[in-house]
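Hi there,

Here is the structure I promised to pass on to you. Have a look at it first, and then read on for what I found.

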Number of protein chains: 2
Amino acid sequence: MIDPRTLPTASEAAMAIRQGRLTSVRLVQACLDRIAEIEPAVEAWSFLAPAYAITQAEARDRAQNAGESLGPLHGIPVGVKDIFDTADMPTENGTVLHAGRQPAEDAMVVALLRAAGAVIVGKTVTTELAVYSPGKTRNPHNPAHTPGGSSSGSAAAVAAGMVPLAIGSQTNGSVIRPAAYCGVVGYKPSFGLISRFGALRQSPHLDHVGVFARSVEDVALIGQVLMACDPRDPAMRPSPRPPLVEVVNQDSSSPPRLAFVRSPFWDQADPEARAAFQTLARRLACEEAELPTSFAEAAQIHRTLLEADLALSFSSEYERGKERLSPRLRTMIEQGRQTLAVDYNRAVAAVPGLRRALDDLLQRYDVILTPATTGVAPAGLASTGSPIFCTIWTLCGVPAVTLPLLTGEQGLPLGVQLIGREGDDARLLRTARWLSTRAQSA
Amino acid sequence: MIDPRTLPTASEAAMAIRQGRLTSVRLVQACLDRIAEIEPAVEAWSFLAPAYAITQAEARDRAQNAGESLGPLHGIPVGVKDIFDTADMPTENGTVLHAGRQPAEDAMVVALLRAAGAVIVGKTVTTELAVYSPGKTRNPHNPAHTPGGSSSGSAAAVAAGMVPLAIGSQTNGSVIRPAAYCGVVGYKPSFGLISRFGALRQSPHLDHVGVFARSVEDVALIGQVLMACDPRDPAMRPSPRPPLVEVVNQDSSSPPRLAFVRSPFWDQADPEARAAFQTLARRLACEEAELPTSFAEAAQIHRTLLEADLALSFSSEYERGKERLSPRLRTMIEQGRQTLAVDYNRAVAAVPGLRRALDDLLQRYDVILTPATTGVAPAGLASTGSPIFCTIWTLCGVPAVTLPLLTGEQGLPLGVQLIGREGDDARLLRTARWLSTRAQSA
């Protein structure tokens with residue numbers, strides 16, 4: 001029997017299954033046992049079908065015994081945020097307006113997970129329509145604190161050892177923030193690397209698919225599985241799958257060049273978080289780099305795009321049931337309905353300049369090191385915390401990863417966010433692994 | 001001495017120059033003689049520098065005599081619509097607000113013309129900021145009639161035998177319409193095939209570069225020169241240059257399949273034009289094809305996009321001199337300033353569906369045959385006529401060519417528009433050549 005508290009990483013488990021030292025059924029059962037034990041306190045799942053998970057695992061084991069070729073996630077249990085369509089489970093998008101909704105077709109990422117051999121354990125809790133209003137999930141480190149959002153259940157499920165891997169989405173800070181609050185590794189790839197076909201749409205400019213795991217190797221493993229070009233997502237360009245798994249384990253010839261960036265939002269971070277980051281940056285001998293002043297407008301640009309995009313994406317929800325939307329989302333949609341096209345297009349037009357400025361900076365450094373959040377997970381479940389330390393990177397579409405390297409107030413985890421150059425996700429993850437290893441040995 | 005009335009086509013002249021039977025100086029001088037004779041009646045040029053054109057031609061002849069390698073347009077005179085930046089000539093965009101404007105850098109298309117050996121004779125008249133308000137140009141077939149717009153001077157200059165080639169732009173009907181009214185071949189390639197860097201921007205979604213000539217071979221020749229990928233235009237994707245020149249002269253194994261499409265705007269065509277098209281469609285044994293009903297909204301979608309884009313593109317002109325804009329343009333900008341982002345984005349989102357419907361139709365036919373305009377060039381210079389028969393094709397980014405195959409009221413030319421499948425410009429031009437040849441021999 002696997003001790004759920006020492007659940008192997010996905011990379012370890014995949015190897016053990018491949019080598020016959022572990023079966024998918026045993027691994028999935030261990031996850032289900034852990035879920036049975038801790039779900040009442042954490043409430044990470046919006047839909048869970050234990051018997052069906054075992055059925056999938058049995059089929060994986062049978063396929064292996066029959067000598068079929070095995071995908072990179074063969075037999076590995078995965079949690080899927082309940083905004084990705086699943087043909088065999090409901091997809092309710094965190095709103096009563098979609099209660100009982102059963103898609104006919106899998107989202108592209110779900111199809112890719114299945115094709116890679118994964119077992120879809122269930123659907124994880126999302127905030128309302130993946131925006132701000134919280135679901136039921138609690139932080140596994142302290143159930144009186146928020147897990148962050150919008151990918152609340154995915155982050156909490158991985159943090160609680162319920163599954164080794166989960167997928168989520170980020171339009172502002174919805175992967176990095178809950179990963180940081182819950183003390184796991186969260187990875188939001190470069191814009192356009194993972195198909196959003198079959199995922200709830202908030203904003204075609206800002207929506208990203210992201211992943212959660214307990215190690216950098218694991219986010220590379222699942223990330224690479226998901227990076228298949230899909231013409232049904234117009235943001236994708238034909239390009240080879242980045243060699244994340246190969247590169248993440250390479251040693252770079254020299255220590256990476258790290259830039260510590262406070263960002264224009266530094267004053268919004270807690271004093272304790274600011275102190276912890278300054279100490280870390282000194283310890284790692286980071287150079288301090290400043291973003292051009294134009295980045296001060298990034299949050300307003302993001303807001304202009306997001307509100308107008310929400311107004312269009314959720315127009316039918318608004319029209320048929322605005323009284324069943326949260327007041328905060330309703331306000332955002334109502335503001336978005338007033339946004340002028342010239343202001344929207346001015347915001348769209350401002351992004352390439354910001355992107356170029358980041359690209360220039362990231363020609364001089366391997367990664368940017370910056371806070372993932374304003375501090376540890378806030379107390380209470382009424383808010384999922386501030387996404388402000390993610391906004392710039394989401395807006396610019398650069399890859400981001402958060403590592404659970406620091407501990408803040410009340411012993412809660414504090415995430416260290418690394419930002420890579422657009423399209424150079426492999427180098428970002430390699431540097432993240434280097435930093436994880438170094439931090440653990442320090 | 002070349003008789004200007006029998007000016008060779010660009011393809012013929014390029015061959016004659018290459019073979020030493022003609023010099024660039026002789027050809028350019030012949031064009032200048034023709035311009036001197038007829039420009040007072042036509043007024044196609046906003047900037048003309050005859051001595052400088054001869055200087056360029058002399059340099060081309062010297063380069064040839066020195067044995068340098070020759071580009072496909074070596075020594076050929078070209079007219080450039082005055083919305084494309086030229087580092088050696090003013091670029092005034094058809095508005096007093098830009099009077100005396102001298103760019104520092106060539107537009108990409110101008111640089112490509114020079115690199116191909118062309119001689120830039122001068123800048124041709126555009127309507128005000130390439131929108132509706134006419135410039136001074138008159139129709140060479142009858143100076144009491146409009147030449148069409150916005151590329152008025154380019155169409156008229158080619159029609160009058162002043163230059164064998166000219167470039168223009170189309171955001172609604174600004175290449176096809178003046179080409180049809182002036183009785184020349186006009187070609188608007190697929191969206192994203194020609195860089196708009198250094199061209200006046202109206203709408204990033206709708207702006208296309210197009211070309212004018214007196215034969216289909218010639219539009220293929222200059223079109224291919226201009227189709228070089230340029231990362232400075234975000235609409236361009238890396239792709240090989242389409243083999244227009246090679247394919248245009250191929251014979252297809254079987255007669256092309258032609259679909260006659262009346263379009264939702266058929267009732268706006270003059271009775272004489274409708275009759276002429278029905279006769280032509282019968283004579284060519286076209287099948288009649290109908291567009292899905294969704295295309296009835298195309299004109300409104302185009303208008304929503306265009307007005308909001310004009311409001312942003314010309315915001316500085318509006319703010320510093322709205323009293324010097326024409327009332328019509330001012331009204332469009334003012335409407336565009338009120339456009340809501342949700343309506344704009346709904347319009348953007350409607351386009352892919354229209355594009356797919358056209359693509360489906362064009363899998364069953366080689367080309368669509370449809371009117372280029374509502375009829376012949378209207379009398380008077382106050383309006384440049386209706387672009388409505390171009391709107392759908394511009395909105396969808398499909399390639400279009402107009403051929404001067406019909407004659408309408410008062411002996412004025414009536415253009416036959418052919419539409420190809422998006423990206424399959426070579427096949428469209430091959431079919432256009434087939435139809436030109438057939439019509440001439442019929």
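In this predicted model, 12 residues of chain A are in contact with 11 residues of chain B. On chain A, the side that touches chain B draws at least two residues from each of three helices: H10 (298–313), H12 (327–338) and H13 (341–364). H13(A) gives the largest share of that side, with five residues. Sorted by class, the side of chain A that touches chain B holds seven nonpolar, three polar and two charged residues.

How are the two copies related? A turn of 179° with a shift of 0.0 Å along the axis lays chain A on chain B, and the RMSD is 0.0 Å. This is the relation of a two-fold axis. Both copies use the same surface, as 92% of the contact residues of chain A recur in chain B.

Now to the sheet of chain A. It is open and has 11 strands, with mixed pairing, in the order S1-S3-S2-S4-S6-S5-S10-S11-S9-S7-S8. At its edges are S1 and S8 (287–288) of chain A, each of which pairs on one side only. S8(A) runs parallel to strand S7 (residues 258–260) of chain A, and two bridges join them. Across from A:Glu288 in S8(A) stands A:Phe260.

Helix H7 (residues 216–226) of chain A lies across four strands of that chain: S4 (165–170), S5 (185–188), S6 (208–213) and S10 (400–407). With S6(A), H7(A) makes an angle of about 145°.

The other helix I would point you to is H2 (residues 24–42) of chain A. Where does H2(A) bend? The bend, of about 40°, is at A:Ala36, and a proline, A:Pro40, follows within four residues. After H2(A) comes A:Glu43, which has a positive phi, near 55°.

H2(A) also has a list of buried residues, among them A:Val25, A:Leu27, A:Val28, A:Leu32 and A:Ile35. A charged side chain type appears there too: A:Arg34 is one of the buried residues. At the two ends of the helix, A:Ser24 and A:Val42 are buried as well. Which elements cover these residues? The cover includes three helices of chain A, namely H1 (10–18), H3 (50–65) and H5 (152–159). Strands of chain A also take part, including S1 (45–48), S2 (77–81) and S3 (119–124). S1(A) thus appears twice in this account, once as an edge strand of the sheet and once in the cover of H2(A).

Enjoy looking through it!

Best wishes

Notes
Residues numbered from 1 in each chain as written. Chains lettered and ligands numbered in written order. Predicted model: local features only at pLDDT ≥ 70, side-chain atom pairs only at ≥ 80, totals over all residues. Contact = placed C-beta atoms within 7 Å. Bend = angle between axes of the 7 residues up to and from the residue. Buried ≥ 20, exposed ≤ 12 C-beta atoms within 10 Å, placed from the backbone. Least-squares fit on C-alpha atoms with pLDDT ≥ 70 in both. Pairing = 2+ DSSP bridges. Axes fitted to C-alpha atoms, helices over the stretch in contact; angles between N-to-C directions.
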